[in-house]
Structure formats: structure tokens, C-alpha cells
There are 2 protein chains.
Amino acid sequence: MGRAGDSVLGFAILGLLAEASLSGYDVKLRMAEPVGFFWRASHSQIYPELAKLEAGGMVVHKAVPQSGKPDKKVYEITADGLLAVREWVSLPARLGPTRDEATLKAYLSWLGERGEMAEMFRELGRKHEGQLEKYEETERWMLREWGEPEEFGARRFANYAALRRGIGFEREYAEWCRWVAEKLEGR
Amino acid sequence: MGRAGDSVLGFAILGLLAEASLSGYDVKLRMAEPVGFFWRASHSQIYPELAKLEAGGMVVHKAVPQSGKPDKKVYEITADGLLAVREWVSLPARLGPTRDEATLKAYLSWLGERGEMAEMFRELGRKHEGQLEKYEETERWMLREWGEPEEFGARRFANYAALRRGIGFEREYAEWCRWVAEKLEGR
DNA sequence: CATCGTTATGTAAATACTGACATATGAAGT
DNA sequence: ACTTCATATGTCAGTATTTACATAACGATG
């Protein structure tokens, strides 16, 4: 209906602000690094979305002058905003409108030249392999710093759960790419 | 740049038309069933896209009167169109702009009520489990009808490769959901 | 002193996508 | 007779997303 904090992006931002007050730029940075792995957004979406959230009473901002850097607007979540995310988070998640270009290309692979297709999947596999390694390094760091997953608090577990999804996803994807490439090469 | 057949959807359609001439409705049906698992599109996207492809010389149509049913427009791929898909298919696939609502909700799960969150992931896991079973049934059918994957022709292999991705994806996803639910329930 | 990178915030145009509206034929079931 | 379903093709409004444009302060590098 167009209520503020209606879009998934809006809730993603509210979720970040539930943990700490942030500037639009800070939100952008988090949307690149940890959150971006499962919900990407650029600053040209974030700034307008923050304005929309503020118009809807979900967040408020105050200007913070800085020396050495441009001033920033630090956004803080309101009671309404917190209530809205808390309600949203346990609502059934929509299954993503599955759109995977690589799987489409696999489905149409009979149209391409075998060797070129194999090389493409080989390279794609390497990319996913690389991402997997980054995730696995993060996991090692978490286990080293935080101890046993069974004893994580809710916040840390939430973090770890998202990472586990990334690891499973990339591992499966990389394996599939290698398998496709191998078969296309005719072994 | 806005050339016809520029969008992934355009190439998806060209790929379908490379195998057989189809009406917009037929394309829609394939976008629901096998293709829709990795590239979803509704008829409100398909009809305009076909018109765009035709304007760009990638496809041509002829009206086919039918008795008992409304007339249809059957689209056929042109030499230009075929060349365009063939080139596109072995070009590096963009990594999908990862947007997965469920992983976002896992990341923000500390904001929700434990039991509700667990139930949500439990239910989501069931959905992915159901999809997995459908895919596995299709796989059994393929192996029964087509024999050994090693002896599939390029077309059948392409089909099978996309299915294998679906199976891996759903299996991993369902497992992750179960794992999250279990941990949230505190076992 | 010029340029580049980082921080910081925005807008605009174009494309992509969803969901609803709109229409029409004929078959099959109630 | 009435309704529903499958076939068949489209448009429209609104939302979401991407890419490019636009500005500005400051520090570091050359």
C-alpha cells in the first residue's frame, strides 16, 4: 500500500539501524560488505529510502558536523520503526524471484560452442570458489573469536546463520560449475 | 545501449525460440514451468519483449487462426536472432544481484521472537523440501527415459544441467532452513 | 600545484518487474 | 442458463533497481 518501511530494502535498513544509529554512508558501506551478500543496494537507493522511512516516522536524523570530513546525517530508529522490523522479521519470507543468469546459460548451453561454454563455467566456478574461501575465512575468525556456535548469543548467531547460508550457497554453486565444465569438456 | 535482445529476458526468449517457434502464450507457459525455475517472467513482460525483439529484427511472427481457440501469433527466430543468442550464451554470466529475503531475515533474526522465527524457517524448509522432491522426480524421469547422463546429447544435457542446479540449490537451502530452525529452537 | 581516493549526500533517466485491469473464444461441468 | 477454466493477447500504474550525473571537503601522492 505504500506505507513507509514497506519494501524489503526499507526493512533491511531498519534492521541495521536497530543495532546502531548510522549515516546514509554507513548504511551504504554495510550494504556493500556483510549485508550485500544477500541484499545488495547502492547509495542511489539508500538515500531516498532513508528519506521515505523518515517521512513515515520510522527513523529520525540529526545533522552531525565533522572536521576533516563532510557533515553527516545520523539516522536513529524510532519506536515505530523498531516495532515494524520486529513484526516483519518473523513473517514468512517470500521465495526470491529466482533469476540466475548462469543457470539460464546452462539451459541454453547447446546453442554455444562447447569449449567456450566449458571455459565460461570453469571461470565462473573459480569466482564462486574465491567467494567461498572468503566466507570460510570469516567463519574461522568467528569460531576463533566467539567460540562454539552453540553458545553464541542471538545477535552473533544471526550473523553466523547468514554466513552459513553464504558458505552453503557458494560451495554448491562452485561444485556445480566445475561439474558442468567437466561434462562440457567431455570427460 | 537498448539494442533489441539486450536484456536477459530477451535472450531467454530467443533461446526458447531457437528450439521451436512459439506463440507468446507458449513462451509464457515455458517461463512458468522449466525456465521459470531460474528465470521467471510473467506475460506482461513477455508480450512487450516479443514486440521489442521483432522491432529489432530478432524474431518475426505470423498470425495463425485457430478453431475453438483465439488466434495466435507464432514467433520464429531470425538468422540475426540466432546469431545474437549464440554469441551471448558463452559470454561470462553476471553473478546475480543476490537478493534473498530469507537470509536477510536470518541476519536480523535476533530482532524477532525465537519460537516464531524457528517456525518460519521450519515452514520455509518444508517449501524448499517440496520443490526438491519435484526436481528429483523429474531427474528420475530423465534417467529412466534418456539413459546415462554421459550419453545425453547437447540439448538433453543442457536440460539436465539446469535441473542439477535446481536440485543442489534446493537441497542446500532446505538443509540450511532446518539447521537454522533447530538452532533457534535451542537444541 | 594537480590529481586521486575517501568521505559524504544527493538527483535523474532509463530499465526491469509486479500486480491489476481489460477483452475474447470455446469447452466442460453444474 | 451459469460459471469456471484454459487459451490467447494485450495495457497501465506503480515500484524497484541500475547507471550515470553532480557537488564538495580534505588528505595524500606525485
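How can chain A be laid on chain B, by what turn and with what shift along the axis?

1. This is a predicted model, in which local features need pLDDT of at least 70 and side-chain atom pairs count only at pLDDT 80 or more, while totals for chains, interfaces and linings use all residues. Residues are numbered from 1 along each chain as its sequence is written, chains are lettered from A in the order in which they are written, and side-chain values use heavy atoms, leaving out hydrogens and water.

2. To take up the opening question: a turn of 180 degrees and a shift of 0.0 Å along the axis lay chain A on chain B with an RMSD of 0.1 Å (least squares on the C-alpha atoms of residues with pLDDT of at least 70 in both). That is the relation of a two-fold axis.

3. Now the interface: 69 residues of chain A are in contact (heavy atoms within 4.5 Å) with 70 residues of chain B. Of chain A's interface residues, 100% are also interface residues in chain B, so the copies meet through the same surface.

4. About 6700 Å² is buried between chain A and chain B, with carbon and sulfur atoms giving 67% of that area (accessible area, 1.4 Å probe, lost on putting the two parts together, summed over both). Tyr107(A), Trp110(A) and Arg165(A) supply 13% of the area that chain A buries against chain B, more than any other three residues.

5. For the charged pairs, there are 6 salt bridges between chain A and chain B (a side-chain nitrogen of Lys or Arg within 4 Å of a carboxyl oxygen of Asp or Glu). Arg165(A) forms a salt bridge with Glu172(B), their closest N and O atoms being 2.3 Å apart.
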